[in-house]
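Work through the exercises below with the sequence and the model side by side, and try each task before you read its solution.

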Amino acid sequence: DKEKQGLANVIDRDNKADVRGVPKRYKEHASEPRRKSSSVAGGGGGDDADEAEQAAAAVKIQALQRGRVARREQEARRQSTSNGQEAAAAGSPLAGSGGLRPVFEAFASFGSTTPLKEIDNSKFSKMLKDSKVIDKKFTSTDADLLFNKHETKGARKLTFAECCKAIKEIAKKKGTTPEAIVEQIKSSAPSSS
C-alpha cells in the first residue's frame, strides 16, 4: 500500500503544470491534474488532443510574451544608448552650431512628409553620393558596410551620433579631416523633399 501511495504522489507531482504567463482560460485546465490516458482508463480518446492543443497554445503565448519583452528591452537599450551618444556628439566638432545636424535631418526626411531624426541606409548612401563623398577611395560598398557597422542591431537606422562616428571613419579612410567631409555634405543639402 505504501508503494501505491508513493506512486500516486509522483503522478500528482508530474501532473501539475507551470501556469505562469498563461491566459486565464488555459490556467483552469492546466491547474487540474491530467486525466489518465484513454488506453489506461479504457475510455474515449478526445481529452489528450484537447490537452495537447491547450499546451501548444500556452507555449505559443509564452513565446509571444518573451518576444514582446525582448523588443521592449532592446528599444529601451537603444534609447538610452542613443541619448548618451547624442550628448557625446554635442561636444563633437562635427556637431557645431548650425553644422551637420540640419543637413542630416534634411537627408533623413527626404521624400517623407514628416521630419525624421534617424537616417536609413538608402538615404545615408544618397547623402554621401550627392555630396560626392563616394569615389574611388570610398565606394558605395564601403558606405553600406560602414552603415551596418554603426547601426544599432535591429534598428536599420543611424542616429545623428552614429552618423558622426561614421563620418570620422570615412575621413580616416579617405585620408582627410572629418570637418572636410562635413563641409562636403553641408554643401549638398537637399533643398526640398
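**Exercise 1.** What covers the buried residues of α6?

*Solution.* This is a predicted model, in which local features need pLDDT of at least 70 and side-chain atom pairs count only at pLDDT 80 or more, while totals for chains, interfaces and linings use all residues. Residues are numbered from 1 along each chain as its sequence is written, and side-chain values use heavy atoms, with hydrogens and water left out. Begin with the buried residues of α6 (under 20% relative accessible area, 1.4 Å probe, protein chains only), which are Lys123, Phe124, Ser125, Met127 and Leu128. Then look for what lies over them: the cover includes the helices α5, α7, α8 and α9 and the strands β1 (119-120) and β2 (157-158), where helices are DSSP runs of H or I with at least four residues, strands are runs of E with at least two, and both are numbered from the N terminus.

**Exercise 2.** Find the residues with which Phe124 is in contact, leaving aside its neighbours within four places in sequence.

*Solution.* Taking contact as heavy atoms within 4.5 Å, you should arrive at Ile119, Ala143, Phe147, Leu158, Cys163, Ala166 and Ile170.

**Exercise 3.** Which residues of α9 are buried, and why are they on the same side of α9?

*Solution.* The buried residues in α9 are Ile181, Val182 and Ile185. They are on the same side of α9 because they cover an arc of only 100° around the axis, the arc being that of the directions from the helix axis to the C-beta atoms. Their cover includes α5, α6 and α8.

How values were computed
Buried < 20%, exposed > 50% of the residue type's maximum accessible area, 1.4 Å probe, protein only.
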